[in-house]
Amino acid sequence: MSLVINHNLMSMNAARNLTSTYNTLSKSISRLSSGLRITTSADDAAGLAVREIMRSDIAVLNQGIRNANDAISLLQTMDGAAQVIDEKLIRMKELAEQAATGTYSSTQRQIMNDEFSAMRDEIERIAQATDFNGIKMLNATSGGIQQVLDVVEDANAFDSTKAFLSAFSDFASGETMEVVYTDHNGNEYAATIALTDSKTISDIMASIEAITSLNVDATWTAGEGLTLTDNSAGVSQLSVSFVANGDRYDFTTTTEGVNGRVKVHFGTGNDSSEDYYYLNKQDLTASGLGINNLSIATQASAQAALTVMDQALITKDQARAHFGAMINRLQNTVTNLSIQAENIQAAESQISDVDVAWEMTNFINNQIKTQAAVAMLAQANMIPQLAMNLISG
Amino acid sequence: MEANYFRYGETELKTSNPTKIILLLYDGAITFLKRSIEYAEKGDIKNKNIYANKARDIIVELNNSLNLEAGGEIARGLRRLYFFMDRHLMQASWNNDLKGLKDVAKLLASLREAWEDVYRQSPQIGSPDVTASRGITI
């Protein structure tokens, strides 16, 4: 991950504002600490500039850490709900097993089926209702991941999706449209779709779907544009371009977090996999688990239900495995970002455990008390406005 | 609730004795941590994370505002401690480790006690009641 700060007017403004805050601050510290020899901004302009750049780097890293931490909480919330679904599924399997033996009357089996149905309703409710800041991850509308692609406007691009549709219609017979796309491993492919006068927009959609290595469902909705649903299991971004008549139309994801997956951005840049991950939404609804029409009211249906329940448990395991893997991955990411921050801020060796931290704290506590003036200088680069924002939470 | 607890005007903070700002930041971090612990005990992951993040932001800012050139051994020691607290806090939050969160609050409380001592030694600027029973027991 690179730490290059691109030319960015907003960040330059922020840096300028920070400079003026620093100036105010150092003046007030100079006043307050009269009699103490301290380095003012005027004495050490270069040092101050370095500190500001460091602050902005650290701020970016910390925002990344915060984003990753939020994602971890999101996943923990979802996994907690999935765990409850897990318990319900196991109880349903027990009930199915019980109902599958011949030693119960149909009335008794009906009672088991009532509990079975109640469990299923509860699973449906949990999958539909569990949210984190409005983001739901247990009721993905379809299995796997899905992304909606829309037209990106550029100098040559159409100004509306309707124009895109008419552009398709305008192609003369014998022309070709090239589809260029990057798969989940970053490999670029190209496919060609021949256009004839008789081809309709749905023929073109079918041609796109026919590209097996692209593996998407393509639908065209008038007034809304083209929707490509990614059917493969990869987690990196899929990009697709259409090239025809010398123009290239790039499509990119516009509805992340709504359909199929949630993007977690933690890096300083925007390069796939180095700077962000996707968390795949899962479908743990009754229909997603395949248990929506299940009944154990008869011995035969209960026996059939056992196989379905096994499959439902596997689906649930896969969902939880994804949550668990992403939690681990994000925790590693946070650790790496912390190490970067420590490297930038020139920390000496890490404190390994809480006992060492206590020794160190007792030592520093004593130092602060006995060298009050130095202690004040140690913590002197405070920005009052920032401090106020932090504590007013 | 925080709004009332930390009702300090901007002007007051800007003209404050810097040590008072340090004390307020420590108080904020300890209070947010306590709240995070309360939510963790209730199993409220979302709010646990929100308040752990707030506490963490303050620790990060305390770390950012260290002056290693002028602050000598104290600044270097604090840097190592703030980094430790940052990491320890995050890991404890991930694992719902209440003891870990309390450890960080206790470390902060110990350092706060030292800063309070500095505040008493420094010329009193701003309201004099800043140190009145702000100690927070965990």
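Which residues form one aromatic cluster?

1. **The cluster.** B:F32, B:Y39 and B:Y51 form one aromatic cluster. Keep in mind that this is a predicted model. Counted over all chains, the structure holds 2 aromatic pairs.

2. **The tilted pair.** B:F32 pairs with B:Y51: the ring centres lie 6.1 Å apart and the planes meet at 35°, so this pair is tilted. Stacked would need planes under 30 degrees apart, and edge-to-face over 60. The pair links distant parts of the chain, with the two positions 19 residues apart in numbering terms: B:F32 belongs to helix α3 (residues 18-42) of chain B, and B:Y51 to helix α4 (residues 45-64) of chain B.

3. **Burial of these two rings.** B:F32 has 0% relative accessibility and therefore counts as buried. B:Y51 is at 12%, and so counts as buried too. The cut-off for buried is under 20%.

4. **The stacked pair.** B:Y51 also pairs with B:Y39. Here the centres are 5.7 Å apart and the planes differ by 10°, a stacked arrangement. This pair again links distant parts of the chain. B:Y39 is in helix α3 of chain B and B:Y51 is in helix α4 of chain B, 12 residues apart.

5. **Charges over the rings.** Two basic side chains deserve a look. The charged end of B:R35 sits over the ring of B:Y51, at 5.9 Å from the ring centre. B:K54 lies over the face of B:F32, 5.8 Å from the centre of that ring.

6. **B:L107.** Now to another part of chain B. B:L107 is in helix α6 (residues 98-121) of chain B. Its relative accessibility is 0%, so B:L107 counts as buried. Leaving aside residues up to four places away in sequence, B:L107 touches A:A357, A:W358 and A:T361 in chain A, plus B:F84 and B:M85 in chain B. B:L107 and B:Y82 are 25 residues apart along the chain, and their C-alpha atoms are separated by 9.8 Å.

7. **Helix α6 of chain A.** This helix covers residues 299-344, 46 residues in total. How far apart are its end C-alpha atoms? They are 67 Å apart; at 1.5 Å a residue the helix should span 68 Å, so the two values agree. The helix does bend, by about 25° at A:L306.

Definitions and conventions:
Residues numbered from 1 in each chain as written. Chains lettered and ligands numbered in written order. Predicted model: local features only at pLDDT ≥ 70, side-chain atom pairs only at ≥ 80, totals over all residues. Heavy atoms only, no water. Phe/Tyr/Trp six-rings, centres within 6.5 Å; stacked < 30°, edge-to-face > 60°. Helix = DSSP H or I, 4+ residues; strand = E, 2+ residues; numbered from the N terminus. Buried < 20%, exposed > 50% of the residue type's maximum accessible area, 1.4 Å probe, protein only. Lys NZ or Arg CZ within 6 Å of the ring centre and 35° of its normal. Contact = heavy atoms within 4.5 Å. Expected span 1.5 Å × (residues − 1). Bend = angle between axes of the 7 residues up to and from the residue.
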